Amino acid sequence: MAARQVVVVVAAIKRTGWARFLTVNKPKKPRIASNQSLQALTLAALALPGLMLNPACAEEDEVEFQYGHYQEGKRNLFTTINTKNPIEVDSLLGKAKFSLSDRVKFAFNYTQDTWSGATPISTAPRVANSNRPILADTPSGQTITVGASPYLNTQLLVNRNYIPLKQKPNGRIAGQDTQLVHILSMASPETRKQGDFNLAYEWDETALDLGGGISVENDYESRFGSLNGRWDFNQKLTRLNLGLSYTNSDTSAILDHDSSPYITKSEFLGQIEQSGAMKIMHGNRQDWSSSLGLTQILNKEALFSANIGYTRSTGYLENPYKAMSILFVDSEQGGNRLNGELKAFLEQRPNERNQLNLGGRFIQHIGLTNAALHVDYRFFHDDWGINAHTFEADWVQPIGRTWTITPRIRYYSQDAADFYQPYLLSKQAFAKTVYNEASGTFSSIPFDARLLPQNFSSDQRLSAYGALSGGVTVNKQFSKAIGLEAGFEYYSHAGALKMGGGGEGSYSDFDYFMANASLKVNLAAMASPAFAEQGHHAHHAEAHHHGNPAPAGVMFGHLLNQAHAFMVGYRFMYGRQSGDMLHGSQLATDRQIVNGGCGSGVQACRLTPTYMDMSMHMLDIMYAPTDWLNVMVMPQFMDMAMNLRQLAGAPPVQPGEHVHTGTGHATGGVGDTGLYALIKLLDQPVHHVHLGLGLSAPTGDVDIPLRRNHQQDEGFIHYGMQLGSGTWDFKPSLTYIGQSEAWSWGAQLSGTHRMEDKNQSGFTFGDIFQSTAWGGYGLTPWLSTTVRGVYTDQAAVSGRFNATSGVVNGVLLANVNPKAGPMDFPSSYGGRYWDVGFGLNARVPSGDLAGNSFGVEWLQPVSTDVNGYQLDREGALSATWQLMF
Amino acid sequence: MLKNALNTLLVIALTLVLSACASVAPWQRGVLAQPSMALALHPAQAIFKEHIYISREAASGGGAASGGGCGCY
């Protein structure tokens with residue numbers, strides 16, 4: 001056992017860089033501190049920042065990319081089938097952490113989430129029949145159910161005890177019914193983007209962290225900052241953390257134009273702005289948070305951490321999309337059956353919330369299997385009446401030298417907020433008609449708001465429930481530098497799981513899963529002595545660089561020409577179209593678009609885009625099995641946003657048309673995945689040629705629908721807003737690169753050929769041909785500039801969206817795909833484009849980050865000749881990061 | 001409820017801290033330095049999961065500003 005222990009310690013010591021310390025001082029028998037040299041060495045070891053708690057690997061410079069997916073299960077609607085897709089979230093995270101100096105560390109995170117799907121907006125008695133089936137008459141005269149639509153304001157009967165009564169179709173009472181149900185509404189895709197940073201300065205025993213960031217989504221913007229201090233003492237057996245943070249968030253939520261007219265908003269009139277046809281809820285909230293933490297090493301194999309945190313939130317704390325159903329029953333009615341009126345109100349929460357967090361974590365090493373057990377408990381209390389408990393346990397099991405498997409279990413339980421109710425009962429009429437005998441007129445007296453509680457919410461996050469979840473995370477370390485991680489967790493939310501019972505009814509139960517996969521690159525591993533000794537890295541870094549790299553916007557511009565070389569890269573592309581509409585290369589007037597943009601003369605256009613933004617994040621993983629062949633995998637993550645406007649001179653709106661403007665559309669998620677091989681054809685000191693053969697796999701969605709609006713199903717969102725091509729595409733390329741001293745030049749021909757006639761949605765994007773040529777000059781050995789010209793030709797979309805049947809004003813139509821503007825027509829895609837690109841490339845020549853290279857390029861449109869009617873282009877930005885091993 | 005939990009936690013914390021008198025010399029901290037013993041096991045995954053938990057549960061995170069976002073879905 002003792003021998004084993006020594007082995008483990010030595011292995012860990014090698015990792016943590018204590019080797020020097022140990023070679024001088026063999027730990028055969030630690031002597032007492034009177035030994036001066038030992039004392040000096042101990043002090044020196046203690047002086048290493050982060051020695052105690054942060055394993056060295058966490059301190060090292062690293063870059064990590066992660067994709068996460070959240071998928072909720074369907075909810076039970078009782079009265080009708082639930083055809084709506086539940087909420088799902090696609091999430092992308094990029095993390096970079098590196099040392100600016102021995103004592104200064106910098107970290108940057110970028111997060112992007114896109115979510116969409118059906119979620120509860122309120123809760124009502126089942127008898128209110130609030131999720132109404134969408135019924136439609138088929139051409140053959142049948143009536144079928146094709147979906148469910150939320151009805152927020154309905155009528156129902158209650159007995160003298162105000163218990164809802166169930167009615168048979170013939171109107172007879174079939175008894176009491178206390179069953180509740182969520183009212184579901186669809187949320188169209190929305191994307192949130194967040195950037196944040198952390199700057200740390202480390203002294204020998206203390207450290208100070210300064211953090212900040214911003215999170216932006218269509219309806220919500222947060223800015224936040226934090227300051228954290230850390231102090232190690234007691235020979236670094238004890239660590240104290242002190243933190244303070246501040247978040248300021250603005251809501252500007254466009255209230256859903258389908259449900260908003262049915263929601264009473266009287267309490268918020270001062271916060272709602274009317275902008276055209278839209279109602280926008282404005283609010284501001286501020287959160288101050290402070291925390292104090294203590295971490296204590298208990299013995300050689302265990303440590304404990306405890307913390308206490310206090311958060312104070314003030315301002316607009318509501319969720320602008322949640323409504324409370326209030327059942328108004330005039331108690332002055334006679335008889336045993338009373339008429340009740342169910343009305344939806346925007347939820348009202350207190351403007352202040354004080355929250356207390358207490359937490360403890362215990363970590364024990366299990367020598368038998370070299371595992372680690374993490375046990376975590378947190379208690380939460382706030383002045384809204386919520387107490388919550390969270391228990392977590394993780395078993396971290398290393399297997400072999402490179403695998404780690406971590407099963408995990410989590411249990412969460414919370415009480416309901418004081419003002420939480422599934423729905424409210426108010427014993428008064430919503431509006432009462434009274435006859436004034438004196439004037440002989442009828443007048444309507446509205447409800448008395450003073451009889452309603454000041455605060456109310458039916459948001460299920462504030463209800464009483466428990467949640468049990470479990471999952472597993474698997475880590476695989478491929479080399480010192482590259483690690484992969486995959487995680488999965490299944491989560492079940494249920495009233496019955498609440499600790500001590502008394503949870504919400506089973507109608508509110510739901511489940512979800514979270515899955516994530518990440519790639520971690522340890523930048524410091526490259527600069528480590530091990531790499532240098534092998535001469536591996538130094539050799540490669542020279543070998544790959546024939547000189548100046550190709551411009552950032554050129555894909556496949558670079559070949560690894562050393563067997564077993566490896567490269568990880570990240571590529572970001574952003575393109576924007578806005579401004580004028582073009583027809584061919586000429587300016588198109590609104591009148592021309594109305595008359596010609598939607599199929600010549602067949603139908604008049606009503607809408608036209610005002611802008612379209614596309615962002616693409618790509619991971620670029622490249623490996624050279626031999627010195628003449630490279631294989632590449634490129635997963636992509638896309639997000640797009642566009643807005644529309646009404647065309648001047650458009651004919652009035654007809655039923656069944658895609659009419660909404662102003663709110664914009666967004667889509668986002670996983671795009672197509674590229675698989676490529678690069679083959680070296682010529683490799684001379686000055687001239688290099690390589691061939692690229694690739695496939696693009698259709699992993700991006702091409703069937704994203706528009707949300708049902710104004711009682712109308714709307715079919716697929718525009719072709720250009722779909723996330724992929726939907727077809728297997730062949731992508732060949734031929735690249736020439738020349739280099740002489742500080743000058744470099746190159747040219748590339750590339751193409752995209754769709755290998756299928758149509759995708760699952762019925763269309764294909766046009767084939768693409770591109771040619772480009774560039775010249776570059778090295779300003780310094782590490783910085784170069786490029787100028788290039790690009791010509792691109794893309795054919796129009798062929799085929800069209802499969803007909804999507806849908807219900808418009810109660811009638812089932814065979815095809816409800818939008819036909820309101822040129823963006824809905826295949827002929828208005830593709831074109832011929834000339835661009836000029838200006839680029840900068842930089843490579844870190846030495847130090848810990850040696851070998852990292854960066855590139856940026858702006859493509860400026862010079863000439864645009866579009867098919868059909870399309871927005872003009874503003875330009876495109878490419879940015880890349882690459883690291884070779 | 002709150003008082004009980006607070007007391008329990010305090011007792012546990014004190015017991016653990018006080019029992020930690022045994023000094024652990026730097027060269028004895030090899031096990032503690034293993035990645036499996038890190039306080040934050042999967043930092044990137046935690047960012048993703050915390051945002052989901054916050055969007056679905058009333059008890060918000062540990063206190064420090066980990067990021068914004070309404071989570072209003």
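## Worked exercises on a predicted two-chain model

Asp729(A) counts as buried because 24 C-beta neighbours lie inside 10 Å. This is a predicted model, with an ipTM of 0.82 and a pTM of 0.81.

### Exercise 1. Place Asp729(A)

Task: state which strand holds Asp729(A), whether Asp729(A) is buried or exposed, and which residues Asp729(A) touches.

Solution.
- Start with secondary structure. Asp729(A) belongs to strand 37 of chain A, residues 729-730.
- Apply the cut-off. A residue is buried if 20 or more other C-beta atoms lie within 10 Å of its own. Asp729(A) has 24 such neighbours, so it counts as buried.
- List the contacts, leaving out residues up to four places away in sequence. They are Leu695(A), Ser696(A), Thr752(A), His753(A), Arg754(A) and Met755(A).
- Add a distance. Ser331(A) is 398 residues from Asp729(A) in sequence, and their C-alpha atoms are 68 Å apart.

### Exercise 2. Compare the make-up of the chains

Task: for chain A, give the helices and strands and the buried share; do likewise for chain B.

Solution.
- Chain A has 8 helices and 47 strands. Of its 885 residues, 43% count as buried.
- Take the contacts in chain A between residues at least 6 apart in sequence. Of these, 68% join residues at least 24 apart.
- Chain B has 2 helices and 0 strands. Of its 73 residues, 52% count as buried.
- Check confidence in chain B. The average pLDDT is 75, and 58% of the residues score at least 70. Where pLDDT is low, the predicted coordinates should not be read in detail.

### Exercise 3. Describe the nonpolar cores

Task: which residues touch the most other members of the largest nonpolar core, and which domains of chain A does this core draw on?

Solution.
- The largest nonpolar core has 108 residues. Ala323(A), Phe345(A), Ala417(A), Ile593(A) and Cys605(A) touch the most other members.
- Domain 2 (56-123 + 185-521) and domain 3 (525-884) of chain A each supply at least three residues to this core.
- Apart from this core lies another, of 22 residues. Leu559(A), Val568(A), Leu678(A) and Phe885(A) are among them.
- Return to Phe345(A). Beyond four places in sequence, Phe345(A) touches Ile263(A), Thr264(A), Ala323(A), Met324(A) and Ile326(A).

### Exercise 4. Trace two hairpins

Task: work out how strand 6 pairs with strand 7 of chain A, and how strand 7 pairs with strand 8 of chain A.

Solution.
- Strand 6 (residues 154-158) and strand 7 (residues 164-167) of chain A run antiparallel, joined by 2 bridges. Leu157(A) stands opposite Leu165(A).
- These strands form a hairpin with 5 residues between them.
- Strand 7 and strand 8 (residues 173-176) of chain A also run antiparallel, again with 2 bridges. Gln167(A) has Ile173(A) as its bridge partner.
- This second pair is a hairpin with 5 residues between the strands. In its turn, Gly171(A) has a positive phi of about 95°.

### Exercise 5. Examine positive phi values

Task: where do Asn129(A) and Tyr162(A) lie, and how exposed is Asn129(A) and Tyr162(A)?

Solution.
- Recall the background. Most residues other than glycine have a negative phi.
- Asn129(A) has a positive phi, near 55°. Asn129(A) sits in the loop between strand 3 and strand 4 (131-137) of chain A. With 19 C-beta neighbours inside 10 Å, Asn129(A) counts as partly exposed.
- Tyr162(A) is not a glycine, yet its phi is positive, at about 65°. Tyr162(A) lies in the loop between strand 6 and strand 7 of chain A. Tyr162(A) has 14 other C-beta atoms within 10 Å, so it is partly exposed.

### Exercise 6. Follow helix 2 of chain B

Task: check the span of helix 2 of chain B, then find what covers its buried residues.

Solution.
- Helix 2 of chain B has 14 residues (43-56). At 1.5 Å a residue it should span 20 Å; its end C-alpha atoms are 20 Å apart, so the values agree.
- Its buried residues are Ala44(B), Gln45(B), Ile47(B), Phe48(B), Lys49(B), His51(B), Ile52(B), Tyr53(B) and Arg56(B).
- The cover includes strand 1 (62-72), strand 2 (88-99), strand 3 (104-125), strand 26 (465-477), strand 27 (482-494) and strand 28 (510-522) of chain A.
- Zoom in on Ala44(B), which is in helix 2 of chain B. Ala44(B) counts as buried because it has 22 C-beta neighbours inside 10 Å.
- Beyond four places in sequence, Ala44(B) contacts Glu64(A), Gln66(A), Leu93(A), Lys95(A) and Ser518(A).
- Leu32(B) is 12 residues from Ala44(B) along the chain, and their C-alpha atoms are separated by 21 Å.

How values were computed. Residues numbered from 1 in each chain as written. Chains lettered and ligands numbered in written order. Predicted model: local features only at pLDDT ≥ 70, side-chain atom pairs only at ≥ 80, totals over all residues. Helix = DSSP H or I, 4+ residues; strand = E, 2+ residues; numbered from the N terminus. Buried ≥ 20, exposed ≤ 12 C-beta atoms within 10 Å, placed from the backbone. pLDDT = per-residue confidence, 0-100. Contact = placed C-beta atoms within 7 Å. Core = buried A, V, L, I, M, F, W, Y, C linked by C-beta atoms within 7 Å. Domains from an automatic or database assignment. Pairing = 2+ DSSP bridges. Expected span 1.5 Å × (residues − 1).
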